[in-house]
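Student: Please pick one part of this model and take me through it closely. After that, I'd like to see how its surroundings link up with the rest.

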Amino acid sequence: MKILVAVKRVIDYNVQVRVKEDGTGVVTDNVKMSTNPPDDNAIEEAVKIKESGKAKEIVAVTIGEEKAQETVRKALAVGADRGIHVKVDGIIEPLAVSKVLQKIIEKENPDLVFMGKQAIDDDCNQTGQMLAALLNWPQATFASKIEVKDKSLEVTREVDEGLETIEINIPAVVTCDLRLNEPRYASLPNIMKAKKKPLEQINASDLGVDTKQRIEQIKVEEPPKRKAGIKVSSVAELVQKLKNEAKVI
Amino acid sequence: MSVLLIAEHNNKEIRPFTLNAITAASQIDQDLHVLVIGKSIDAVCKSVSEIPNVKKVIQIDNDIYENYLAENFTPVIVKQAENYSHIVCSANTFGKNLMPRVAALLDTSQVSDIIKVISPDTFLRPIYAGNAFATVKSNDNKKCVTIRPTSFDPAQTSGGSAEIIKADSAEASTLTKFIKREEIKSDRPELGTARIVISGGRGMASGDNFKLITAIADKLNAAIGASRAAVDAGYITNDHQVGQTGKVVVPDLYIAVGISGAIQHLAGMKESKIIVAINKDGEAPIFSVADYGLEADLFEALPQFLEELNKLNTIQK
């Protein structure tokens with residue numbers, strides 16, 4: 001079995017995101033970037049399946065500017081065998097990402113495609129589902145447990161009401177929740193080895209996919225600031241304020 | 001121009017978030033139709049027809065729709081979508097799972113998780129877990145939009161009398177099989193929808209100490225949250241995690257106990273209506289977002305808090 005894992009480079013989750021003064025976006029210059037956190041879970045799950053002997057090859061794919069390669073190198077350092085970087089500059093919407101991935105999948109023929117449930121930059125939560133639709137494959141979103149069977153997967157999904165279990169035929173797209181596993185860290189020797197693993201670069205324009213934005217970003221602004229609060233001197237005062245001033249208890 | 005809203009229900013009654021989505025949908029256009037897909041859903045459709053904002057109910061009733069599977073729902077939604085300018089639903093796990101599958105087949109770039117309708121093609125949505133707000137304009141002919149339920153009031157549920165029409169089902173998908181759903185049985189409200197949330201952080205110092213939080217949560221009928229630091233330290237399971245990589249909550253009252261206020265935690269709770277912070281470090285960043293800050297040792301403050309609550313004879317539920 002072959003697993004393709006899609007990873008995205010985003011602003012690190014520990015960075016305080018700042019809005020640009022001209023309202024065109026957020027500041028990314030000299031800001032720490034990392035792999036989108038649930039994409040790390042997607043890679044980890046693929047590596048675990050390979051270690052269990054149920055998968056032969058893991059291909060890590062990213063789509064984005066030159067530096068997006070770093071996320072593929074990281075995936076290679078924790079166990080992916082080969083990388084693909086589809087180069088495109090600027091904002092690329094989930095619909096276009098899923099079309100690019102569809103082209104890669106037509107070439108690579110994986111049995112499974114894993115990715116994070118959502119990217120923590122645009123918070124869209126769309127790519128996996130869109131890709132599954134374009135391929136007419138089943139989808140398992142928000143996966144917190146994956147059991148590989150003969151020609152199917154049994155997937156437990158995190159839904160609002162609790163947990164849902166579905167069985168999906170292979171090939172399939174799975175989007176991974178943070179609860180799926182604990183992503184491992186790359187060891188230094190593995191980081192060195194990853195530098196020798198193959199990483200193919202493709203231009204998005206060569207794939208014949210229209211990556212133009214369909215959604216105009218008119219402005220990006222700071223969320224409204226909270227008005228300054230007060231310090232209370234005792235628990236009794238706090239409870240009185242909550243009861244009589246805020247009227248929330 | 002008409003709007004088609006996909007209802008979420010359990011074949012018996014409508015799920016509450018759909019009512020919030022109805023409010024947003026009717027702000028896009030008054031001509032709002034609701035698509036109800038399920039098994040033996042006469043009662044659900046009748047209740048939807050009584051929502052004053054709803055102009056028409058489309059019922060697709062078939063045994064194959066007993067359990068909600070995106071692979072089964074998508075073909076009938078795409079077919080119904082022909083007649084509409086907007087397809088909308090709530091941005092909870094139901095809508096997040098379903099809408100992109102529909103949007104891709106309509107070749108539409110979806111607008112996710114809107115918090116405000118500015119005009120029928122322009123919306124406000126949070127990005128970076130609410131650290132920035134983006135105003136976006138969709139240039140697709142057909143627009144697919146999901147709605148953050150907590151940003152809109154629920155629609156009125158009585159007084160209307162919309163027409164109910166029946167529409168055809170499609171072939172069942174063989175790709176996916178529903179196995180089971182385990183609903184978390186808890187007397188406590190869900191973290192994502194609770195009116196009051198009380199969360200503990202690394203300052204709790206142990207999992208056992210969360211019983212101080214639990215006692216207050218019981219008293220206030222609150223959900224229990226936690227910071228990533230508390231989860232990473234193993235004090236509590238990660239389904240309680242509030243923050244950018246956990247759940248985003250917007251309760252009427254959020255009480256942060258022993259939480260310093262890391263960026264990633266603030267991203268998950270700073271839209272709460274009233275925020276209380278209890279922390280012994282007066283310089284902790286959590287105080288910068290708190291309406292009421294109490295600089296105190298939580299191990300003294302929490303028992304006192306419970307005692308004060310017990311003195312009140314009325315607590316809103």
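Tutor: Let's begin with strand β9 (residues 143–147) of chain B, which is joined by two bridges to strand β5 (residues 111–114) of chain B, the two running parallel. Two strands count as paired if DSSP finds at least two bridges between them. Strands are DSSP runs of E with at least two residues, helices are runs of H or I with at least four, and both are numbered from the N terminus. This is a predicted model, in which local features need pLDDT of at least 70 and side-chain atom pairs count only at pLDDT 80 or more, while totals for chains, interfaces and linings use all residues. Residues are numbered from 1 along each chain as its sequence is written, and chains are lettered from A and ligands numbered from 1 in the order in which they are written.

In the pairing with β5(B), B:Ile114 has B:Ile147 of β9(B) as its bridge partner. β9(B) also pairs with strand β4 (residues 86–90) of chain B, again in the parallel sense, over five bridges. There B:His86 stands opposite B:Lys143, and B:Ile87 is the bridge partner of B:Cys144.

How are the side chains of β9(B) arranged, and which of its residues are buried? In a regular strand, side chains alternate between the two faces of the sheet. Here B:Lys143, B:Val145 and B:Ile147 point one way, B:Cys144 and B:Thr146 point the other way, and all are buried. Buried means that 20 or more other C-beta atoms, placed from the backbone, lie within 10 Å of the residue's own; 12 or fewer makes it exposed, and anything in between partly exposed. Since five of the five residues of β9(B) are buried, the strand is largely enclosed by the rest of the structure.

The neighbouring strand β4(B) is mostly covered too, with five of its five residues buried. β4(B) is joined to strand β1 (residues 3–6) of chain B by three bridges, and these two run parallel. B:Leu5 stands opposite B:Val88 in that pairing.

B:Leu5 takes us to the core. It is listed with A:Val5, A:Ala60, A:Val174 and B:Val36 as the residues with the most contacts inside the largest nonpolar core, which has 187 residues. Such a core is a set of buried Ala, Val, Leu, Ile, Met, Phe, Trp, Tyr and Cys residues joined through C-beta atoms within 7 Å. This core draws at least three residues from each of domain 1 (3–166) and domain 2 (196–311) of chain B, with bounds from an automatic or database domain assignment.

B:Val36 has its own set of partners. Leaving aside neighbours within four places in sequence, B:Val36 is in contact with residues including B:Ala7, B:Ile41, B:Cys45 and B:Val57, where contact means C-beta atoms, placed from the backbone, within 7 Å. B:Cys45 sits in helix α2 (residues 42–49) of chain B and is buried, with 24 other C-beta atoms within 10 Å. Not counting residues up to four places away in sequence, B:Cys45 touches B:Val36, B:Val57, B:Gln59 and B:Ile164. The C-alpha atoms of B:Cys45 and B:Val57 are separated by 6.7 Å, though the two are twelve residues apart along the chain.

Now for the other chain. The contact takes 64 residues from chain A and 70 residues from chain B. On the side of chain A that touches chain B, β9(A) gives the largest share, eight residues. That side divides into 33 nonpolar, 13 polar and 18 charged residues; Ala, Val, Leu, Ile, Met, Phe, Trp, Tyr, Cys and Pro count as nonpolar, Asp, Glu, Lys and Arg as charged, and the others, Gly among them, as polar. Strands pair across the chains as well: six bridges join β12(A) to strand β8 (residues 132–138) of chain B, running antiparallel. In this pairing A:Ile215 stands opposite B:Ser138.

As for chain A itself, six helices and 13 strands are found there, and buried residues make up 47% of its 249 residues.

Methods: Two residues are in contact if their C-beta atoms, placed from the backbone, lie within 7 Å.
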